[in-house]
Amino acid sequence: MCGFAGYLSSSPINSISQSRSMIQAMTDSLVHRGPNSEGFWQNYPDGIVLGFRRLAILDTSPKGNQPMSSPNGLYVIVFNGEIYNHLDLRKEIQINQPNKKWFSSSDTETLLCAFEQWGVKQTLKRSLGMFSFALWNTQNKVLTLGRDRLGEKPLYYGWQGRDDKQVFLFGSELKPFHCHSSFSKEIDRNSISSFLRHSYIPAPHSIYSGINKLLPGHIVEVSVDNPEPKIYQYWSASASAIDNSNTLFFPDDASATDALENTLKQSVSMQIIADVPIGAFLSGGIDSSAIVSLMQEQSNQRIQTFTIGFNHKEFNEADHGKAVAQHLNTDHAELYIDAQDLLDVVPSLPLLYDEPFGDSSQIPTYLISKFAKESVTVALSGDGGDELFCGYNRYQITDKYWNKLQAIPPSFRKVMAKAILKLPPKLIEQLFNFLNQGQATYSNFADKILKGANVLSSKDTPSLYRRLISAEKNPDSFVIQGFETNEFLDFNLHAASKLDDLSLMMLLDMLTYLPDDILTKVDRAAMGVSLETRVPMLDKNVVEFAQNLSLDYKLRDGKSKWLLREVLYRYVPKELIERPKSGFAIPIGEWLRADLREWADALLNENILIDQGFFHPEKIRERWHQHLSGTHDWQHFLWNVLMFQSWYENFHENS
């Protein structure tokens, strides 16, 4: 796991000293991603410069350092990630080159030799792993950027500068771009609108004009002679889901469970290989418990597991992780935190997430990563299970209520929605508590009811999905000259129209929410403390297996992740898993009225908003006052605005 940055100049580099200082600064900004070593490679006549920071995982010796050149000198690469099946690729290469001598045991060398033998596209189709890379062809002077199938590793790129002094910047994060003199730092107002809706900026866009995120499963080629980036797709989650849905058949449920267990085992067995200490996050939920079970089953020693707990009983689930760990006999460690520990992380969020990012679970994710890093260098997680096996509440809600709602005339649903949305959150909570008489408790009940009211008037499944995932349904009205763009989402809604409602929603989450929120959150939080994370659920074979399953194996009798549960129950007693789930809810709304009020009020100062010119101040201030008074709960909307303001303050006003 590493970080890289570089640039391709439209003209030969004349000032070698200036170029060297810039790539040094760009690379230094990524030291958190690679604290073990640094490296540089440049060809000034061709205008190409590469910089690299290394977190050594496989072959920790200097032989694995980068940038690395291929044996015949054709390619030079900077590579972030892991190729889990690289030893299998070596065997294939050795068949055609029986006298082949390897100078290292690193997967980077394997990748370079595979590029030589099969070319970039065919190599990526054969490779299983998580990665992003920049590859320079010394012969045809073409730069190729590539990203893994699901988007576990980030990659930004884009032309900057003017006329004959244009520079093509690329890197693992946006931080290095700020170190280059050609970076314009022009903020894309349309991306601000998209951010207010999603709480993240959907790929291929970034917060900056002219800078893109490479979509998962894609490569891009660019050269000075052909500056317009050529984008190719080598793997498609949409095609896999549409072409292969419901194609797996099993004689009985036990056979299906066997098949999933074996597929997951193979993924885990590849991902527990490392030359450094390795462990796993363990919340006690289905996904993480399944991964830890398969890790421990294949290990001859106790694996290290990590759980984060909250000192307030209503939010704490650490006991569940501990119970699973005790049953599996892992070497378990717990970190208990309180509200102040969470609050202390808030000022550092803009530096961790170097474009606006509004998923507040970024805070505990950072804390558990920091805790794990004290003991291990690699941690496996259970991310991806929700998108593959129908885990999110929105899937179950859609399955249970959507057909019934569609039977109600749209005009009547709109009237119902307007009536509910006029109710203050406090009144909804009071009515629920009165009617419920203490029979059951639900966290953020008013928030759930108000969100449900927002989707009542949806006309079809795509509009239902868009409203379910929206933090703000009318973001353009808050952004000055902002116009939300959803080309990628709109295209995939159309392309996947043949799928049933839940399969469509799972696919859309896999294409958007998973890479741009979940995986971004984990990558930045973990790499912020130099911890590599691996996600066995997102192995290509696991993903395609899940996509080929009929929906009945994912949601059965009201139980989500049905088949995944069946695998888990072979290792962990059902009673340790089957329990009401309270979730690790961060009380952002309460904080904004108390501990974070002064911080938030300063960022939302009317004069500051006017001077910056991004938001309509009166609309932002109105929601801020409504939230403070308790008449409305705007915590998600306000947190997004505050994350933008805090990011802007760090990267622009203080730069």
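**Entry: a pair across two strands**

I started with F40 and looked up what it faces: its bridge partner in β3 is G51. I kept in mind that this is a predicted model. F40 and G51 belong to a longer pairing, since I found seven bridges joining β2 to strand β3 (residues 48-54), and the two run antiparallel.

Next I wanted the whole sheet. In what order do the six strands of the open sheet come? I read it as β2-β3-β1-β9-β8-β10, with antiparallel pairing. The edges are β2 (37-43) and β10 (212-213), each of which pairs on one side only. I reminded myself that strands of a sheet pair through backbone hydrogen bonds, either parallel or antiparallel.

Which helix packs on this sheet? I found α1 (residues 16-28) there, touching β1 (2-9), β2, β3 and β9. Its direction makes about 30° with that of β3.

**Entry: H180**

I moved on to H180, which I found in the loop between β9 (167-171) and α5 (189-198). Is H180 buried or exposed? It counts as buried, because its relative accessibility is 5% and the cut-off for buried is under 20%.

I then checked what H180 meets. Leaving aside neighbours within four places in sequence, H180 is in contact with Y7, M22, M26, V167 and L169. I also noted a polar atom of the H180 side chain 3.1 Å from the backbone nitrogen of S182.

**Entry: strand β7**

How many of the six residues of β7 (residues 142-147) are buried? I counted six of the six, so the strand is largely enclosed by the rest of the structure. V142, T144 and G146 point one way, L143, L145 and R147 the other way, and all are buried.

I looked up the partners of β7 as well. With β6 it pairs in the antiparallel sense over six bridges, and S132 stands opposite R147. The hairpin of β6 and β7 has four residues between the strands, and one thing I marked in this hairpin is K141, with a positive phi near 60°. Strand β11 (residues 218-222) is joined to β7 by four bridges, again antiparallel. There L143 has V222 as its bridge partner.

**Entry: two enclosed helices**

I tested the length of helix α3 (residues 107-118). Its 12 residues should span 16 Å at 1.5 Å a residue, and the end C-alpha atoms are 16 Å apart, which agrees.

Then I asked how enclosed α3 is. With 10 of its 12 residues buried, α3 is largely enclosed by the rest of the structure. The buried ones are D107, T108, E109, T110, L111, L112, C113, A114, F115 and W118. What covers these buried residues? My list includes β4 (68-69), β5 (75-83), α2 (86-96), α4 (120-126) and β6 (129-137). Just after α3 comes G119, with a positive phi near 85°.

Helix α18 (residues 461-468) I checked for burial too. It is largely enclosed by the rest of the structure, because six of its eight residues are buried. Those are T461, S463, L464, Y465, R466 and L468.

**Entry: cysteines**

How many disulfides does the structure hold? I found zero. A disulfide is a covalent bond between the sulfur atoms of two cysteines. I wondered why C2 has no such bond. The closest cysteine sulfur to that of C2 is in C113, 18 Å away, which is too far for a bond. C2 itself is buried, with a relative accessible area of 5%. I also looked up C390, which is buried at 0%.

**Entry: unusual backbone spots**

I ended with peptide bonds and phi angles. Q66 and P67 are joined by a cis peptide bond, omega about 0°, and P67 lies in the loop between β3 and β4. A203 to P204 is cis too, with omega near 10°; P204 sits in the loop between α5 and β10.

For positive phi outside glycine, I wrote down D59 at about 50°, in the loop between β3 and β4. D59 counts as buried at 8% relative accessibility. K561 has a positive phi near 50°, and its place is in the loop between β19 (559-560) and α22 (562-568). K561 is buried, with a relative accessible area of 7%.

Note on methods:
Residues are numbered from 1 along each chain as its sequence is written. This is a predicted model: local features need pLDDT of at least 70, side-chain atom pairs count only at pLDDT 80 or more; totals for chains, interfaces and linings use all residues. Side-chain values use heavy atoms; hydrogens and water are left out. A disulfide is a pair of cysteine sulfur atoms within 2.5 Å. Buried means under 20% relative accessible area, exposed over 50%, partly exposed in between (1.4 Å probe, protein chains only). A polar contact is a pair of N or O atoms within 3.5 Å; within protein, one must be able to donate a hydrogen and the other to accept it, and residues adjacent in sequence count only if both atoms are side-chain atoms. Contact means heavy atoms within 4.5 Å. Two strands pair if DSSP finds at least two bridges between them. Axes are lines fitted to C-alpha atoms, for helices over the stretch in contact, and angles run from 0 to 180 degrees between N-to-C directions. The expected span of a helix is 1.5 Å times one less than its number of residues.
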